[in-house]
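Q: Could you take a close look at a single part of this model for me? I would like to know how the chain written first is put together.

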Amino acid sequence: MTNREIILGRIREALKIAAPYPTFHDSATTTSPLPASPQSWLPPVGETLEEQIQLFRRNAEDLKAGFRECTNANEAGQYIKELALAGGWKKIGRHSGELTDPVARELGLPEVRTDGGYAVNDLESCDAGLTECEALVAQTGSVLVSAPSAGGRALSVLPPHHVVLARRSQMVPDLTVALQRVQEKFKDNFPSFLSFISGPSRTGDIERILVLGAHGPKKLTILLLP
Amino acid sequence: MNVHAKTFNEAARHQTADLRQRDWIQKALAGYYAKRDEFKNRFQSWSGARDTAAAVKWEAVNHLDRYLDEFASRLEARGTRVFWAPDAQAVRDYVVGVARQHQVRSIIKSKSMTAEEIHLNDTLEQAGFEVVESDLGEYIVQLRHEPPYHLVFPAMHLTRQQISDLFQDRLGSESTDNPEHLTMIARRVMRRKYCEADMGISGANFAIAETGMISITENEGNARLTTSLPKVHVAIVGIEKVLPKLSDLALFLPMLATAGAGQPITCYNTLYGGPRQPGEPDGPEEFHVVLLDNRRTELLADAEQRDALHCIRCGACLNVCPIFKNIGGHSYGTTYQGPIGSVITPHLRGLQDWKHLSQASSLCGACTETCPVKINLHHHLLHNRRNAIQARPARFEKLVQTGFVFMMRRPRLYEWAAGIGRILQPLQRLVQGTVLDPLRAWTKTRSFPPLAEKSFRELWRKRKKL
Amino acid sequence: MKISLFIPCFVDQFYPQTGMNIVQVLERLGHTVDYPEAQTCCGQPAFNSGFWDEARAVAERQIAIFQDAEIVVIASGSCGAMVKVFYPELFHGHPRETEARALAAKTFEFSDFLVNRLGVLDVGARFPGRATFHDGCHGLRELGLKNPPRQLLQHVRGLELVEMKEAETCCGFGGTFAVKFPMISTAMGEVKCASIAETGAEFVISNDSSCLMQIRGVLERQGKSVKTLHLAEVLAQT
């Protein structure tokens, strides 16, 4: 018998006896259909895109992520230039994309492009990572990235400042919709990596005090383009 | 009393006498309570969320064979190696085998209680591999050669001064009392390790059957780095981690963060569905998922306590447990601490050896009240007690209980015994606190009340006569 | 209403006054009180230690004694929980299951009875002083009785009720736990007493005498002047 058969066999044997459906104390146990979608319980999200953007803004602020609405790609580029100046950036990492290409051109800094592969030490010495994303989640202030939309796995986590370029149409109300969109888009051919990023990295491991900037980026900036 | 129970008693005695440490743990948790309540209250209904979460886990665990099979098949279809591990030794052998096959020298690890459970680090180190814990708290306790203190916050028992001294001693860093500086010291060390490691080992918070992905929740980014750069990624996953659908995460991720850490959502929630796919610029060449049983199927077979497998390892029960807060995480002497640990350890490691954990509880129920998936934790402590007695009743206690029954079924005998108690009480007062005192377990630290001059039934009888 | 009293064994022997206070309050409200003298103990000490056969042997006697009672009022949250919550579990699949469930359904902890069954909040009590309330775990979590004791105390003339931070934290009694793990039990008692002290209250009130035994035990060793009172004792004062 293979290990798989052994374990599945143990499970099937164990499950021969039914366990009571969840209740508290021993009130009458019945099997019933699973309760409603989590959207009934989770914090409410606004109806309109505008409300959702404002909610995202508030959440991003609480998470200590930078958030800025830009009227066009030029404005985004200018703003990132200011960040680069303030941060003393010498080299950035990025992937090619509709939104990243013009911004990178504008910045004019030496860059490491992750498309097609890269040397780890090159990426490690970048001051910032510039990516796009799959979606922005209003309910939690999160950025959903994937390997194809954010230049792989490491680009959005290794350099100390992560800058995300997103479109308004990428704003989704909550995690439920974000996951639905992902399933609709990729069907059975998912990228090997998807991540919800909610703020710059942090830790509470020292005296349970919150410290911003642990192993991942110390700074996260999200720019919303039309 | 077996050796584990003895060790537990000694550790508990030692810890409860350490007032400074007890105070420290209380302080460390104070901020958590406020934040947890703040974010719970943002839910439209936290209790509705708990009901749904409990129902989803019930579905997953009670159809575990189906969902586990689906999970494994989908992973394999996209190039992941799935290893089914019936026990701890199987995992250890497998991981060492993979490491040897790839001529690995250094291994970087992100937090995994499952890996703790099977003592994977020790095995790998003995086999000659360097293993570094990348999670800050885990790294700290690794340097101190001690086990994690808490499921979610491994180093919460330490002050910043102790951590600074540790880093100064082991890493040669400057002394500092700034938590941010301490974090940066660890960050600098780890950055090299991520870039150089040949293999990354992680755990998983959830295993999504529908899409064949594991989900890892973290704040630091160390798990993402552990699983992005090394050319081999091995994930150790307990079989009970299964969730049926991807959409289930929309509920579980916020609940895990709120209950576990008092956060609305944890910083990184990452889904891994395979090794590097064609067209992806990075990611491991090989992705292995190890499905661990290690006696979980025994707990599964106990239908009464099966819901203990619904646990999402949030640590909320530890955070509210007055026993945990007063004896600390190390006193438990085993991987899983607090109420959930006290419930499952007898199943995973032996009832008679570990029943004392189920006995060391006042059954206050705060754990059950707080559990996001509504596990009937404190009642299971009662069930473990009953099971332990049924399997092997302690002779002395059996005698006492038989005597108790005999007396309580005979009201006149009960009254007579109480009368004897009244006569003997002054004698007890004489020897109070000494080894002759039968009530010593109580009177050592607390005053014991006198038996009332007249019992209620005597007062009632008197009253009836009037 | 004819009310049958279920007086836990330790209330009978250590705190009979609490039982009498309950009688006083119920009679003041115009009810007849009965006390079946054959009763002894609910069986919880055996149950909690895992000796369920022994617990059943004691419990089935209690069930038979209260068979014909209309309503049963019990003087403690922990014994109340034993009857209401655990008797059905203890007798699950047992010939006496129906009777066990019937007793569970008609048994009420004292404050639960007054507020939820009688709909009474003001029992005409007067007790001047500053007090804080300790939630016994069984009453709080097994029986869901956060509000009834507080609602009753709010109507006591002259009483100033202040909440302590750790009101819902276990005092550490836990039955045999108190003597099997005395150092942990005492540590928990100390945390509770520190929280009481923080309120500046002269009295700590609870609806569970076993908790009061623990709290008083710690307070007296600490030489603190805070007095412990059962809810019934406060409500009995006019």
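A: Let's start at the surface: chain A exposes about 9500 Å², and carbon and sulfur atoms supply 52% of that area (accessible areas come from the Shrake-Rupley method with a 1.4 Å probe, and for residues only the protein chains shown count as cover). Keep in mind that this is a predicted model, where local features need pLDDT of at least 70, side-chain atom pairs count only at pLDDT 80 or more, and totals for chains, interfaces and linings use all residues; side-chain values use heavy atoms, without hydrogens and water. Residues are numbered from 1 along each chain as its sequence is written, while chains are lettered from A and ligands numbered from 1 in the order in which they are written.

Now look inside. Of the 226 residues of chain A, 54% count as buried, meaning under 20% relative accessible area (exposed is over 50%, partly exposed in between, with a 1.4 Å probe and protein chains only). Six helices and 12 strands make up the secondary structure of chain A; these are DSSP runs numbered from the N terminus, with H or I for at least four residues in a helix and E for at least two in a strand.

How does chain A fold back on itself? Among its contacts (heavy atoms within 4.5 Å) between residues at least 6 apart in sequence, 69% join residues at least 24 apart.

As for overall shape, the C-alpha trace of chain A spans about 65 × 50 × 45 Å along its principal axes. The radius of gyration of chain A is 22 Å, whereas a compact globule of 226 residues would have one near 17 Å (taken over C-alpha atoms, with a globule rule of 2.2 Å times the number of residues to the power 0.38).
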